[in-house]
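User: Please take me through this model, one question at a time.

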Amino acid sequence: MRRGRERFVIHLPVVAGDLTGAVRLARVVARWASILPCADPGEATVSYEDEQGVHHRVFCDTRLPGGQRCLLRAGHDGPCTRRLLR
C-alpha cells in the first residue's frame, strides 16, 4: 500500500565498454540532468549488464549541511565538498 505522493524512477540504459567508462559517462549525464528539478543526480549508479542488482555509486553519498550532496566521486580522498575540484 502506497502512502503519500507516488514517485516513479526512470531507468535509462546506456552501454559503456567498461566500469570506469560507465562511471565517467554516468557522471556527465547526471551533472547534465541536474538542471532538471526532478532529477537526483547524487543517486546515480552503474551496474554490469548481467548483474543489474549490484550497483556501483557514481558520486559520494554523503549529505552536507543543508541537505545537498557531496559533488565528488564515490570513494574520494579528502573532505566532502559542493565545489568541483579541477
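User: How do the residues lining the largest pocket divide into nonpolar, polar and charged?
Analyst: The model is predicted: local features need pLDDT of at least 70, side-chain atom pairs count only at pLDDT 80 or more, and totals for chains, interfaces and linings use all residues. Residues are numbered from 1 along each chain as its sequence is written, and side-chain values use heavy atoms, with hydrogens and water left out. Ala, Val, Leu, Ile, Met, Phe, Trp, Tyr, Cys and Pro count as nonpolar, Asp, Glu, Lys and Arg as charged, and the others, Gly among them, as polar. The lining of the largest pocket comes to 24 nonpolar, six polar and seven charged.

User: What is the volume of the largest pocket?
Analyst: On a 1 Å grid over the protein atoms alone, a pocket is an open set of points where a 1.4 Å probe fits, with protein on both sides within 12 Å along at least five of seven lines; lining residues have an atom within 4 Å of a point. Its volume is the space filled by probe spheres set on the points. For the largest pocket this comes to about 1800 Å³.

User: Which element gives the largest share of that lining?
Analyst: The lining of the largest pocket has 37 residues, and Ile 10, His 11, Leu 12, Ala 44 and Thr 45 lie nearest the centre. Two or more residues come from each of helix H1 (19-33), strand E1 (45-48) and strand E2 (51-57). The largest share, eight residues, belongs to H1.

User: In what order do the elements run from the N terminus?
Analyst: Helices (H or I, at least four residues) and strands (E, at least two) are DSSP runs, numbered from the N terminus. The protein has one helix and two strands. The order is α-β-β.

User: Which residues lie nearest the centre of the second largest pocket?
Analyst: The second largest pocket holds about 330 Å³. Its lining divides into eight nonpolar, four polar and five charged residues. Of the 17 lining residues, those nearest the centre are Ser 34, Pro 41, Gly 42, Leu 71 and Arg 82.

User: Is Leu 12 buried or exposed?
Analyst: Leu 12 sits in the segment before H1. Buried means under 20% relative accessible area, exposed over 50%, and partly exposed in between (1.4 Å probe, protein chains only). At 68%, Leu 12 counts as exposed.

User: How much accessible area does the nonpolar surface patch have?
Analyst: A patch takes residues with over 30% relative accessible area and no salt bridge; nonpolar side chains (Val, Leu, Ile, Met, Phe, Trp, Tyr) are joined within 5 Å, like charges within 9 Å. Areas come from the Shrake-Rupley method with a 1.4 Å probe. Here Ile 10, Leu 12, Val 14, Leu 25, Val 28 and Val 29 form the patch, and together they have about 620 Å².

User: How many residues apart in sequence are the parts that Arg 69 and Asp 40 tie together?
Analyst: A salt bridge is a side-chain nitrogen of Lys or Arg within 4 Å of a carboxyl oxygen of Asp or Glu. Arg 69 and Asp 40 meet this at 3.5 Å, N to O. Arg 69 lies in the segment after E2 and Asp 40 in the loop between H1 and E1, so the pair ties together parts whose separation in sequence is 29 residues.

User: Is Arg 69 buried or exposed?
Analyst: Its partner Asp 40 is partly exposed, with a relative accessible area of 41%. Arg 69 itself has 9% relative accessibility, so it counts as buried.

User: Which residues do salt bridges join into one network?
Analyst: Arg 57 and Glu 43 form a salt bridge at 3.6 Å, N to O. Arg 57 lies in E2 and Glu 43 in the loop between H1 and E1, so this pair links parts 14 residues apart in sequence. Arg 69 also bridges to Glu 43, with the closest N and O atoms 2.5 Å apart. Through shared partners, the network joins Asp 40, Glu 43, Arg 57, Asp 61 and Arg 69.

User: How far apart in space are Asp 77 and Asp 50, C-alpha to C-alpha?
Analyst: Asp 77 is in the segment after E2. At 67% relative accessibility, Asp 77 counts as exposed. In sequence the two are 27 residues apart, and in space 30 Å.

User: What share of the residues counts as buried?
Analyst: Along its principal axes, the C-alpha trace spans about 45 × 35 × 20 Å. Of the 86 residues, the buried share is 19%.
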